[in-house]
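Please read the report below with the sequence and the structure open beside it. It moves from one chain to the next, and then to a metal site and an enclosed space.

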Amino acid sequence: MKALKLLDNAIVKIEEFILSYAVIIIAVMVVGKALSRAIFSYTPPFADEVSQIAIVIATFMGISYAARKGRHISMSAFYDLAPFKLRKALAILISLVTAVILFVLTYYSALYVQNVYQDGTVTSALQMPKYYLYLFIPIGFFLGGVQFLRNMWINIRDREAVYIGTDAKDYNDQDKKDIMEETHL
Amino acid sequence: ACGGDSGNGDSGESADGGDGQSYNWRFVTEEVDGQVQYEYAEEFAKRMKEKSDGAVNIDVYEFGGLGSETDQVEQLQNGAVELAVMSPGFTGNMVKEGQIFALHFLFPDDVEKTQEILNTSEALNTDLRERYEEYSISPLSYWTEGAMQWTSSGTALEEPSDFQNFKMRTQTSPLILESYKAYDADPTPMSWSELYTALDRGTVEGQENPIFFIGDASFYEVQDYMTVSNHNNYVAMTTVNTEWYEGLNDDMKAMVDETVEEMQEWVFEEQKSQNEEWLETIKNDEENPTEVIELTKEQREMFKDKAMPVRDFYRENVSTVDGEILDKLQEEISSAGE
Amino acid sequence: MVATLLTIMVVLLLLNFPMMIPLMIAPLIVMFIYFPNLDPMILMQQFSTGIEPYVLLAVPLFIFAADIMTTGKTSNRLLDFIGSFIGHIRGGYAVTTAAACTLFGAISGSTQATVVAIGKPMRERLLKIGYKDPTAMALIINSSDVALLVPPSIGMIIYGLVSGTSVGDLFIAGIIPGIIVFLSFAIYSVIYAKMADIPLANKASWKERIELTRKALLPLGFPIIIIGGIYSGLFSPTEAAGMSVLYAFILEVLIYRSIHLKELPRIARSTGLVTSAVFVLVAGGQAFTWVISFARIPQMISETVLGTDPSAVYVLLMVTIFFFVGCMFVDPIVVILVLTPIFYPAAMDAGIDPVHLGVVITFQAALGSATPPFGVDIFTASAVFNKPYLEVIKGTPPYIIMMVAISILLIFFEQLSLILL
Ligand code: NA
Ligand code: NA
């Protein structure tokens, strides 16, 4: 159990690191490109590509982090109206099915990465193998799937509350104040 | 709603009974309705249908719904679509030799002569084709969509020195950057969707495209000059998925080949009329005046001199066959006599 | 096929599945059933294609800038400054919100970026002075619509290319409809403030105003940098988003020292989280678009509904409906790219001016992304404000009614777009 906990902590730290620095890198690239062009009349050709790589990485690596924090967007209109027991059942079912679907997507995106690897395609500016970038898609889906399994498990284990993520209890059972506090991480 | 009847037609399977096979193929292009590639594909589909007495039905896809140009290349490779018009530029990160068409002043100034070379060149139709076929892409023909021209604001681009400190919007590939560095320009990669605004506000000062595209995308509205430089050609390839093509029966293959062949003349006229029409429109638009500049022979030579070293860059840094295809093509071009 | 797609979408959505799941799995299932010979990896490719367009980078950048500004002092100083001039006027804050969204939307060209950059600080102030949250969010989401109508509009540039229409003309033609939308929202805001009896602040004295202006001098550099930068050609709109991050950083970290450098990764992480939650939907939307385009569903439907020789009004009505529905699921830019070629020929045959068609299309694209049941702006608001879906859409009906009314005006009076040309 302790080893798992350590692993979990390590993963969340890595996810947080990737999300933070992906955003910071995008800002640095876009600003750097604009300033360099304005001041030195030189446009670094890799700037756009690096930003786009960062956005792909952030998007897919963010899947599990958003799942942990219960921040995936859903159309919760009817769910919000449901009674506790039904919400509890749905939370378990949805987490399980979502996990399975994410694993299916992991499989196909891994095949895609292999395909790109075989073609040897490189990126335009950096001339870097393109599969490096796509590698983050199956990784993101896989970690997302694992996290949704954990979301299911915590809902099974703790009978007192509904969780929309392992780190987030259902807002329907909380008062407004808690939500406001969560708005700013 | 519309049921499963729309899901027919995977990879040339028989779709109806009656007196023989029928074929449903997909033909994807990098352009939209009205532009050269799309019109090509429509005409191609029409001719195939007529020749086959309606047995061959080709759905033509315009750019947009199926993702980016490179996505479309992969879809051809996977056999999701059977036919595609693609420009070698979008495959240049996979089939490196395809970047040959980005070289400046390689082909003759005259577009008609260029098209003749594209039709007959062994370097392209055999050697380059073999490179593509390693990736399941068979280019059946090469054709020009028109020569590339420069547009600019502030500075009229007439000789290499006009490019000094000139912010030229380019693609990001090292070869294209090198091509403009050769003129001492400041190559400025800029996404297509921001280009109109960037030209309008002077974030970048110029761009390159064939005339019909300069017209279609309204770039001339926000530019002062258009230099008819013919510095290279926007070359497109009619491509098919190699395994699919090899699997066609002989009659069908012959019909495809014949149509590809006869389309060469058709598309030359099509691009010519589109480019000429837009040239007139651009010249006559008084609300957005654009001065059209023709390069003299001397000016062209000046550019060509500057552009020559880029061919070595191609040989050393791009080509995977030490520029063999380029050398052969150069010979073919010079024996075609410019 | 349409039935299969819709059933999967609706069932999974109503069950409260994360939206990315139906968007990603519905196209995959359709592929298994109807195109068994295709390689499903094609859809994987679309996931990354969907989020690669350069202009989308403006979204995380504006989120980041807004996160820095609201964590620090900048946004409060700006809002206090604005408040000192309009706080005592009925509906003053709401009108200011609408105006700021319109202006910012015009500049950034992105409805989502507007929701974030203006919405984030303005919402807090609206809540503070007594607006209900759904009302505040609805105002923000809908005012951001105008982003697509006022130049430089990315939507119009795309339409211009696809249709060969003059982008310059389109820019001019969007101005009057944009102003009409803004005026309707402004008038509604004043009426609403009166009916809901939103408390007024005391009128600030000129001494207070001068003091608050002095405090806001540096933050006021924001609009100058963004507007001045873009209009002078120094930056592209996406780069302006980056510059606003830089400026927020300089103000908060270096000048006010309200944020320590060490806190920056934490703020960036919050930005990254929101970005990911929104962009997985954009990725899924692209796969959805792919399968619909591949099966030629828009062509089939449009042939059925347009029939032969439809009238101009009928075509415009269909355009309105199709773009509206299309933008529920998919980014407006993609919808314009995919659907314009399908309706354009019929519209030309019916004698519709291509510039007017462009305005109608862009207007619907904007409207569709901000109205329930789905819409990228709603998702963005839900992610950024961390609010459940129902809360986000509760306040939208009055705005939808106004927008639909303006849509109808646009269908019948092409002068609204063409008169300035
Ligand atoms: Na002009
Ligand atoms: Na919507």
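Chain A contains seven helices and two strands, and if the chain is read along its sequence these elements come in the pattern α-α-α-α-α-α-β-β-α. The whole model is predicted, and its scores are ipTM 0.90 and pTM 0.89. The C-alpha trace of chain A spans about 60 × 40 × 35 Å along its principal axes, and 57% of its 185 residues count as buried. Among the contacts in chain A with a separation of 6 or more, 70% are made by residues that lie 24 or more positions apart.

One residue of chain A can serve as an example. Ile156(A) belongs to helix α6 of chain A, and its C-alpha atom is separated by 9.1 Å from that of Ala89(A), although the two residues are 67 residues apart along the chain. Is Ile156(A) buried or partly exposed? Ile156(A) has a relative accessible area of 35%, and it is therefore counted as partly exposed.

The predictor's confidence can be set side by side for the other two chains.

| Chain | Mean pLDDT | Residues at 70 or more |
|---|---|---|
| Chain B | 92 | 94% |
| Chain C | 87 | 99% |

Within chain B, residues 1-18 have a pLDDT that stays under 50, and for this stretch the model has 39 contacts beyond four places in sequence. Within chain C, confidence is lowest in helix α7 (residues 111-117), where the mean is 80, and highest in helix α2 (residues 20-34), where the mean is 93. Another helix of chain C, α9 (residues 133-143), is mostly covered, since eleven of its eleven residues are buried. Among these buried residues of α9(C) are Asp133(C), Pro134(C), Leu139(C) and Asn142(C).

Chain B also holds a metal site. Which protein atoms are the donors of the sodium ion (ligand 1)? They are the O atoms of Tyr220(B), Gln223(B) and Pro289(B), together with the OG1 atom of Thr290(B), and they lie 2.2 to 2.9 Å from the ion. Along the chain, the donors of this sodium ion follow the spacing Y-x2-Q-x65-P-T. Distant parts of chain B are linked in this way, for Gln223(B) sits in the loop between α7 (211-216) and β8 (225-228), while Pro289(B), 66 residues apart from it, sits in the loop between α9 (250-284) and β10 (291-294). Gln223(B) has a relative accessibility of 2% and so counts as buried, whereas Pro289(B), with a relative accessible area of 56%, is exposed.

The last topic is the space enclosed by the protein. There are eight cavities of 30 Å³ or more, and the second largest cavity holds about 490 Å³ of space. Its lining is made up of 30 residues, and those nearest its centre are Gly70(A), His72(A), Ser74(A), Ile164(A) and Tyr171(A). Which elements each supply at least two residues of this lining? They are α2 (47-68), α4 (84-119), α6 (136-157), β1 (163-165) and α7 (176-183) of chain A, together with α21 (376-384) of chain C. The element that gives the most to the lining of the second largest cavity is α4(A), with three residues. Divided by kind, the lining residues of the second largest cavity are 15 nonpolar, ten polar and five charged.

Methods
Residues numbered from 1 in each chain as written. Chains lettered and ligands numbered in written order. Predicted model: local features only at pLDDT ≥ 70, side-chain atom pairs only at ≥ 80, totals over all residues. Heavy atoms only, no water. Donors = N, O, S within 2.8 Å, 3.2 Å for Na, K, Ca; no water. Helix = DSSP H or I, 4+ residues; strand = E, 2+ residues; numbered from the N terminus. Buried < 20%, exposed > 50% of the residue type's maximum accessible area, 1.4 Å probe, protein only. 1 Å grid on protein atoms, 1.4 Å probe; cavity = no way out; pocket = protein on both sides within 12 Å on 5 of 7 lines; lining within 4 Å. Points joined across faces, edges and corners; volume = space filled by probe spheres on them. Nonpolar A, V, L, I, M, F, W, Y, C, P; charged D, E, K, R; others polar. pLDDT = per-residue confidence, 0-100. Contact = heavy atoms within 4.5 Å.
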